[in-house]
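User: I should like to go through this structure by asking how each label is justified. Please set the values against the criteria as we proceed.

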Amino acid sequence: MKPDQFWTVIFGCSAPVEIEIGAGRGAFLFAAATAVPAHNFLAIEHSATRAARLTRDSGQRALVNVRVLHADAGCVVEQLVPDNSVAAYHIYFPDPWWKRKHYKRRLFTPSFVAALGRSLAPGGRVYVATDVERYFQEIVGLLGERLQPDEAPRPHAIVTRFEQKALVRGATTHAAVFRKAMA
């Protein structure tokens, strides 16, 4: 199956696809899907409760360009997302898994970043933000091995719940954008 056919089956139409990993309560997802109705948005959420709430809320908002998947994002991106098929990934405030023995649970690994690069369409972007500077530096290092830094602004500038908590604590938000080279 061709990449565009894969997404057409999922969304019922052919349009650029953007994926948010860890959509939480959907602040970014719903704002982006409303602002850019010509794009399709897939939210991958690890929490079953949050995924169910996102599905319900997107239905109540009549957002026909939103789909929600309750799954492990690493597995989905590495094994299911077709090559060269995603216009953008949005990854805001991924869990830093603070304890060294838990680092293996972090989302950003060399294999995950390789899957991002493989699945991004030429010119596609990865938007990432976190309030953990050391983790941010690791993320930037990993993404920089496969993708090009980009100066594009973070779309829709929605402040997520995790970002609000960080700002209340006085933390700094670190954000970056990376782009896949054009073919």
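User: Which residue stands opposite Glu20 in strand 4?

Analyst: This is a predicted model, and in it Glu20 faces His90 of strand 4. The two strands concerned, strand 1 (residues 17-21) and strand 4, pair in the parallel sense over four bridges.

User: What makes strand 1 and strand 4 count as paired?

Analyst: Pairing requires at least two bridges between the strands. Strand 1 and strand 4 have four bridges, so the criterion of at least two is met. In general, strands of a sheet pair through backbone hydrogen bonds, either parallel or antiparallel.

User: How do you know that strand 4 also pairs with strand 5?

Analyst: Strand 4 and strand 5 (residues 120-130) are joined by six bridges in the parallel sense, and at least two are needed for pairing. Two of the facing positions can be named: Tyr89 has Val126 of strand 5 as its bridge partner, and Tyr92 stands opposite Ala129 of strand 5.

User: Why is strand 4 described as largely enclosed?

Analyst: Strand 4 spans residues 86-92, and six of its seven residues are buried, so the rest of the structure largely encloses it. Buried here means a relative accessible area under 20%.

User: Where does strand 4 stand in the order of the sheet, and which strands form the edges?

Analyst: The sheet is open, has seven strands with mixed pairing, and follows the order 3-2-1-4-5-7-6, which places strand 4 between strand 1 and strand 5. Strand 3 (66-70) and strand 6 (148-150) are the edges; each has a single partner strand, so one side of each lacks a neighbour in the sheet. On average, neighbouring strands of this sheet are turned by 20° against each other, direction ignored.

User: Which strands do helix 1 and helix 2 touch?

Analyst: Helix 1 (residues 3-11) packs on the sheet and touches strand 1, strand 2 (40-45), strand 3 and strand 4, with its direction at about 80° to that of strand 2. Helix 2 (residues 27-35) also packs on the sheet, touching strand 1, strand 2, strand 3 and strand 4, and its direction makes about 170° with that of strand 2.

User: Why is Thr130 called buried?

Analyst: Thr130, which lies in strand 5, has 0% relative accessibility, and the limit for buried is under 20%, so Thr130 counts as buried. Beyond its neighbours within four places in sequence, Thr130 is in contact with Phe93, Pro94, Phe136, Thr172, Thr173 and His174. A polar atom of the Thr130 side chain also lies 3.2 Å from the backbone nitrogen of Val132.

User: Why is Met1 called exposed?

Analyst: The relative accessibility of Met1 is 73%, and exposed means over 50%, so Met1 is classed as exposed. Met1 lies in the segment before helix 1 and touches Phe6 and Val9, when residues up to four places away in sequence are not counted. Met1 and Pro82 are 81 residues apart in sequence, yet their C-alpha atoms are 9.1 Å apart.

User: What makes Phe6 and Trp7 an edge-to-face pair?

Analyst: Their centres are 4.9 Å apart and their planes stand at 85°; pairing needs centres within 6.5 Å, and edge-to-face needs planes over 60 degrees apart. Both conditions are therefore met. Phe6 is partly exposed at 23% relative accessibility, whereas Trp7 is buried at 5%. Ring pairs link Phe6, Trp7 and Phe11 into a cluster.

User: Why is the pair of Phe108 and Phe112 called edge-to-face?

Analyst: The ring centres of Phe108 and Phe112 lie 5.6 Å apart and the planes are at 90°, so the pair is edge-to-face. Phe108 is buried at 5% relative accessibility, and Phe112 is buried at 0%. The structure holds five aromatic pairs.

User: How many disulfides does the structure hold, and why is Cys13 called partly exposed?

Analyst: The structure holds zero disulfides. Cys13 has a relative accessible area of 34%, which is neither under 20% nor over 50%, so Cys13 is partly exposed. Cys75, at 41%, is likewise partly exposed.

Note on methods:
Residues are numbered from 1 along each chain as its sequence is written. This is a predicted model: local features need pLDDT of at least 70, side-chain atom pairs count only at pLDDT 80 or more; totals for chains, interfaces and linings use all residues. Side-chain values use heavy atoms; hydrogens and water are left out. Buried means under 20% relative accessible area, exposed over 50%, partly exposed in between (1.4 Å probe, protein chains only). A polar contact is a pair of N or O atoms within 3.5 Å; within protein, one must be able to donate a hydrogen and the other to accept it, and residues adjacent in sequence count only if both atoms are side-chain atoms. Contact means heavy atoms within 4.5 Å. Axes are lines fitted to C-alpha atoms, for helices over the stretch in contact, and angles run from 0 to 180 degrees between N-to-C directions. Rings of Phe, Tyr and Trp (its six-membered ring) pair if their centres lie within 6.5 Å; planes under 30 degrees apart count as stacked, over 60 as edge-to-face and the rest as tilted. A disulfide is a pair of cysteine sulfur atoms within 2.5 Å.
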